[in-house]
Amino acid sequence: MTRSYFKLNRIPFVVKFYIGFVLFGFLLIGLVSLHAYIKRPEQMQSLQLYEQKLEDISVKKVSEEYYASGRAYQNNNLKITYASITIDDIKGILSKQNIGWNEISKNRIVGHDYDTNVYIELFKEVGSNRVILILQRRN
């Protein structure tokens with residue numbers, strides 16, 4: 001037992017410091033990932049509630065997809081595809097909320113709902129009449 005202690009004592013402090021720093025980094029990333037995983041159902045439920053504001057156009061919904069993105073999968077997304085509708089129609093329905101809009105181009109608009117902290121991205125698919133709405137909730 002005393003021999004292993006002496007071997008550990010011979011390692012330079014800088015090496016011990018780097019190993020400790022790497023272990024701390026892994027622990028921190030693990031805790032952030034665990035927190036995002038635990039909060040995911042709550043975040044998805046809030047996105048579903050936000051989607052209910054768009055029930056007027058739900059008959060034009062083609063598909064929806066839930067996924068996580070971002071560093072350590074902290075961003076929860078709901079991607080909804082609509083057919084035979086324009087970006088202005090969806091923007092008109094959502095304009096009743098407290099949303100700050102930013103027009104990136106003619107076919108792409110992003111916004112942020114300040115009341116519910118939901119990020120919105122609207123864009124038109126190239127070569128089709130489909131509009132994609134991405135609702136994002138960040139942890």
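Which side chains meet in a salt bridge at 3.5 Å, N to O? In this predicted model, the residues concerned are Glu 42 and Lys 39, both of which lie in helix 2 (residues 13–51), three residues apart, or about one turn of the helix. Glu 42 is partly exposed, with a relative accessible area of 47%, and Lys 39 is likewise partly exposed, at 24%.

**Salt bridges**

The count of salt bridges comes to four, and three of the pairs, with their closest N and O atoms, are set out below.

| Acidic residue | Basic residue | N to O distance |
|---|---|---|
| Glu 42 | Lys 39 | 3.5 Å |
| Glu 51 | Lys 61 | 2.7 Å |
| Glu 121 | Arg 108 | 2.8 Å |

The salt bridge between Glu 51 and Lys 61 links distant parts of the chain, since Glu 51 belongs to helix 2 and Lys 61 to strand 1 (residues 61–69), 10 residues apart. Glu 51 is buried, with a relative accessible area of 14%, a value that falls under the 20% limit for that class, whereas Lys 61 is partly exposed at 29%.

In the salt bridge of Glu 121 with Arg 108, the first residue lies in strand 5 (residues 118–124) and the second in strand 4 (residues 108–113), so the pair ties together parts that are 13 residues apart in sequence. Both ends are partly exposed, Glu 121 with a relative accessible area of 21% and Arg 108 with 34%. Salt bridges that share partners also join Glu 51, Lys 61 and Glu 64 into one network.

**The sheet and the helices packed on it**

Six strands form an open sheet in the order 1-2-6-5-4-3, with antiparallel pairing. Strand 1 and strand 3 (99–105) stand at the edges with a single partner strand each, so one side of each is left without a neighbour in the sheet. From one strand to the next, the twist averages 15 degrees.

Strand 5 pairs with strand 6 (residues 130–138) in the antiparallel sense over seven bridges, and Glu 121, already met as the salt-bridge partner of Arg 108, has Ile 134 as its bridge partner in strand 6.

Helix 2 packs on the sheet, where it touches strand 1, strand 2 (75–83), strand 3, strand 4, strand 5 and strand 6, and its direction makes about 30 degrees with that of strand 2. Helix 3 (residues 87–94) also packs on the sheet, touching strand 2, strand 3, strand 4, strand 5 and strand 6, while its direction makes about 160 degrees with that of strand 5.

Technical notes
Residues are numbered from 1 along each chain as its sequence is written. This is a predicted model: local features need pLDDT of at least 70, side-chain atom pairs count only at pLDDT 80 or more; totals for chains, interfaces and linings use all residues. Side-chain values use heavy atoms; hydrogens and water are left out. Helices (H or I, at least four residues) and strands (E, at least two) are DSSP runs, numbered from the N terminus. Buried means under 20% relative accessible area, exposed over 50%, partly exposed in between (1.4 Å probe, protein chains only). Two strands pair if DSSP finds at least two bridges between them. Axes are lines fitted to C-alpha atoms, for helices over the stretch in contact, and angles run from 0 to 180 degrees between N-to-C directions. Contact means heavy atoms within 4.5 Å.
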